[in-house]
Amino acid sequence: MTIEHSLDHRDVTSLLEPLDAGLELALASLRARLASDAQLTHTLDVAYRVVDSPVGSLLLAATDRGIVRVAFEVEDHADVLQFLANTISPRILQAPARLDDAARQLDEYFNGTRTEFDLILDFRLSRGFRLNVLQHLPRIAYGHTESYAEVALAAGSPNAVRAVGSACATNPLPVIVPCHRVVKSDGSFGGYLGGADAKRALLTLEAAA
Amino acid sequence: MKARQSITKKPFEAVVQEHGATVLRVCRAVLGVHDADDAWSDTFLAALQSYPDLPPEANVQAWLVTIAHRKCIDHVRAGGRRALPVDSPPEQPSRLGIPGEGHAELVDAVAHLPPKQRQAVAYHYFAGLPYVDVAAILGGTPEAARRAGSDGVKALRSALVELPALTHSSSKGEIR
């Protein structure tokens, strides 16, 4: 490209500027239309939306099989979406409709009016012992806790206390699959992928109800 | 690890975020404001469909513009009412009815360009594609694409120079 050419370029783009009228507004509605068209034509492999919550904004992602990922802000939503693109499919769009139900139930949970989630979950991001642990967790009732050792026992490997810790730390579906209800044997909170404050907030919420 | 990362593909949402506006500008330049929306939708739905097959190192913008080019042509063929496919300008002043305060004269001048020129201007100046890529989309040589682009710009300039009213916009979109 010559200098003459690039000057020309700027000149021409400003000449064409009137075509930009109302562009942003049009784009917003076009993007919504794309999300719903993609849903209808089954071309969307992962739909996501971001919801506000008392523990920060939460990313919710779903495949056609169910909710596949809940992510805290501290996990960096962009990183999480990139991970989903790499491991599931890059056909990912912000498409709120598929997550209406999850968003509503989370809202009710944070308001203290829901003690159990009734959602279809896609556990494809977990396997083996970690999956066993995650499948046990919903049996810990709302407002109750279990120690890592108790969960290890329940998941069929009494000696795998550390592995329970890493299963909780890598839970792809936090809040909905209640890894926050797993605490240390001495009663202290233990770690949490959403941060210690988030874990405390969830347990306090459940204790108050 | 670095090499692996560089070939991963972004979530499609990021592609829409990054290139959505450019593709809409291109569709508007080629089809006019009204029909651009449908062409944009068709383009991104088709792109989403085939996105997993796109080679990770591909130029995403050129890929999208290529799809948009085809969708715009499909659109004109299906509708048959816009100026794009004809080689002579429409006889009536078109009223593309651009929303807002845009210079309707410019929009009209673009609509009166022969299709090749309009496409070359859109793909080179809006999408920023080099003429080699523009030629790959339009067919023909890069030189021919460059000529179409610069003829298009010349025609636009002279059309606008003839209009004393250019500095203040007319929302009606009529040219006398």
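Which residue in β2(A) is the bridge partner of A:Val50? To find out, keep in mind that the model on your screen is predicted, and begin the tour in chain A.

**First stop: strand β1 of chain A**

Select residues 46-51 of chain A, which make up strand β1, and colour them so that they can be followed through the next steps. Five of the six residues in this strand are buried, so that the strand is mostly covered, where buried means under 20% relative accessible area. Now add residues 58-63 of chain A, strand β2, which runs antiparallel to β1(A) and is joined to it by five bridges. Here the opening question is settled, for the bridge partner of A:Val50 in β2(A) is A:Leu59, and A:Val51 can be found opposite A:Leu58 of β2(A). Between the two strands of this hairpin there are six residues, and in the hairpin A:Gly56 takes a positive phi near 95°.

**Second stop: the rest of the sheet**

Next select residues 92-94 of chain A, strand β4, which pairs with β1(A) in the parallel sense over three bridges. In this pairing A:Ala47 stands opposite A:Leu93 of β4(A). With β3 of chain A added to the selection, you have an open sheet of four strands, in the order β3-β2-β1-β4, whose pairing is mixed. Because β3 (66-72) and β4 of chain A stand at the edges and have a single partner strand each, one side of each is left without a neighbour in the sheet. On average, and with direction ignored, neighbouring strands of this sheet are turned by 25° against each other. When you show the side chains, it helps to know that in a regular strand they alternate between the two faces of the sheet.

**Third stop: a glutamine in helix α4 of chain A**

Select A:Gln105, which belongs to helix α4 (residues 100-110) of chain A. Its relative accessibility is 3%, and A:Gln105 therefore counts as buried. Leaving aside residues up to four places away in sequence, A:Gln105 touches A:Arg114, A:Phe117, A:Asp118 and A:Leu119.

**Fourth stop: where a helix of chain A meets a helix of chain B**

Select helix α2 of chain A (residues 23-40) together with helix α2 of chain B (residues 12-31), whose axes come within 10 Å and cross at roughly 125°. The two helices, α2(A) and α2(B), are therefore oblique to each other, and their crossing is right-handed. On the side of α2(A), the residues making the contact include A:Leu23, A:Leu27 and A:Leu34, while those of α2(B) include B:Phe12, B:Glu13 and B:Arg25. Sorted by class, this contact of α2(A) with α2(B) has nine nonpolar, two polar and four charged residues.

**Last stop: within chain B**

Keep α2(B) selected and add helix α3 (residues 33-50) of chain B, since the next pair of axes comes within 8 Å and crosses at roughly 145°. The crossing in which α2(B) passes α3(B) is right-handed. Among the residues that make the contact are B:His19, B:Val23 and B:Cys27 of α2(B), and B:Trp40, B:Thr43 and B:Phe44 of α3(B). By class, the contact of α2(B) with α3(B) has 13 nonpolar, three polar and three charged residues.

Finally, show the whole of chain B, whose secondary structure comes to eight helices and zero strands. Of its 176 residues, 48% count as buried. Among contacts in chain B between residues at least 6 apart in sequence, 66% join residues at least 24 apart.

Key
Residues numbered from 1 in each chain as written. Chains lettered and ligands numbered in written order. Predicted model: local features only at pLDDT ≥ 70, side-chain atom pairs only at ≥ 80, totals over all residues. Heavy atoms only, no water. Buried < 20%, exposed > 50% of the residue type's maximum accessible area, 1.4 Å probe, protein only. Pairing = 2+ DSSP bridges. Axes fitted to C-alpha atoms, helices over the stretch in contact; angles between N-to-C directions. Parallel < 35°, antiparallel > 145°, perpendicular 65-115°, else oblique. Left-handed = near helix turned anticlockwise from the far one by under 90°. Contact = heavy atoms within 4.5 Å. Nonpolar A, V, L, I, M, F, W, Y, C, P; charged D, E, K, R; others polar.
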